[in-house]
Amino acid sequence: MSAYKIPSRLQVLGSDIDRSQLKYHDRRVAVTKEFTFDAAHHLHAYDGKCANLHGHTYKVVMTVSGRVNEIGMVVDFGDLKRLFEDVIKRRLDHQYLNEVLPPMNTTAENMIVWMWEELERALEAYAGDRGVRLERLVLYETPTSSASLERAWMS
Ligand SMILES: Nc1nc2c(c(=O)[nH]1)N=C([C@H](O)[C@H](O)COP(=O)(O)OP(=O)(O)OP(=O)(O)O)CN2
Ligand SMILES: [Zn+2]
């Protein structure tokens, strides 16, 4: 009876594929990552409980599209995380939004437009030359309340 031989690590990982074979297609693909941050705010000109100071754990769902690079990625999820943390989270997390955002009523609708402009500028600098662009952004203020923006609607 022949002994079962464990495949070598090299065979298991398929490392015989060289870099030039990694590019599988040239399609535009969208990738999505979710983030959270915590912040306080209150609404102006609003007759209701949200006129009082209160806080949310905001959730942001960010979708970008682009053509894959030579290793099959539109953009590394880790890079998206660093970009979001640098452009948005660093400025808003555990902050009082009425003070740190440009003058605006801090509704989800207004905040998402500000976020879109900030993220789009940063993405353009990061990988605009590869056609990586923001496609869709959703901002959840509570688990049941959100605002969203899509490239197709922009004008
Ligand atoms: N169109 C908008 N309406 C409201 C906004 C907003 O940004 N855009 N914001 C608020 C308050 O800031 C707050 O977010 C309350 O929202 P609401 O969904 O009413 O929160 P609740 O916790 O009461 O939600 P339930 O899931 O219904 O309990 C108000 N409106
Ligand atoms: Zn609120």
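Student: Which residue in β3 stands opposite Ala40?
Tutor: This is a predicted model, where local features need pLDDT of at least 70, side-chain atom pairs count only at pLDDT 80 or more, and totals for chains, interfaces and linings use all residues. Residues are numbered from 1 along each chain as its sequence is written, while chains are lettered from A and ligands numbered from 1 in the order in which they are written. β1 and β3 pair in the parallel sense over two bridges. Opposite Ala40, in β3, is Tyr96.

Student: How do the elements run from the N terminus on?
Tutor: Helices (H or I, at least four residues) and strands (E, at least two) are DSSP runs, numbered from the N terminus. The protein has four helices and five strands. Their order is α-β-β-α-β-α-α-β-β.

Student: In what order do the five strands lie in the open sheet?
Tutor: Two strands pair if DSSP finds at least two bridges between them. The pairing here is mixed. The order is β3-β1-β2-β4-β5.

Student: Which strands are left without a neighbour on one side, and why?
Tutor: The edge strands each have a single partner strand, so one side of each has no neighbour in the sheet. They are β3 (95-96) and β5 (145-150).

Student: Over how many bridges do β1 and β2 pair?
Tutor: β1 covers residues 28-41 and runs antiparallel to β2. Arg28 faces Arg67 of β2. The bridge count for β1 and β2 is 14.

Student: Which residue in β4 stands opposite Thr63?
Tutor: β2 and β4 are antiparallel, with seven bridges. The β4 residue opposite Thr63 is Arg136.

Student: Which element gives the most residues to the largest nonpolar core?
Tutor: Such a core is a set of buried Ala, Val, Leu, Ile, Met, Phe, Trp, Tyr and Cys residues joined through C-beta atoms within 7 Å. It holds 20 residues, and Val60, Met62, Val64, Met115, Leu137 and Leu139 touch the most other members. Two or more residues come from each of β2 (54-67), α2 (77-92), α4 (108-127) and β4 (133-142). With five residues, the top contributor is α2.

Student: What does Met115 contact, leaving aside neighbours within four places in sequence?
Tutor: Contact means C-beta atoms, placed from the backbone, within 7 Å. By that test the partners of Met115 are Val60, Ile88, Leu137 and Leu139.

Student: Why does Asn105 count as buried, exposed or partly exposed?
Tutor: A residue is buried with 20 or more other C-beta atoms within 10 Å of its own, exposed with 12 or fewer, and partly exposed in between, the C-beta atoms being placed from the backbone. Asn105 lies in the loop between α3 (97-100) and α4. Because it has 15 C-beta neighbours inside 10 Å, Asn105 is partly exposed.

Student: How many residues around ligand 1 are charged?
Tutor: A residue is near a molecule if its C-beta atom, placed from the backbone, lies within 6 Å of it. The shell is Leu43, Cys50, Thr107, Ala108, Glu109, Glu141, Thr142, Thr144 and Ser145. Ala, Val, Leu, Ile, Met, Phe, Trp, Tyr, Cys and Pro count as nonpolar, Asp, Glu, Lys and Arg as charged, and the others, Gly among them, as polar. Three are nonpolar, four are polar, and the charged number two.

Student: What share of the residues score a pLDDT of at least 70?
Tutor: pLDDT is the predictor's confidence in each residue, from 0 to 100. Over residues 6-12 it stays under 50. The average is 91, and the share at 70 or above is 89%.

Key: Two residues are in contact if their C-beta atoms, placed from the backbone, lie within 7 Å.
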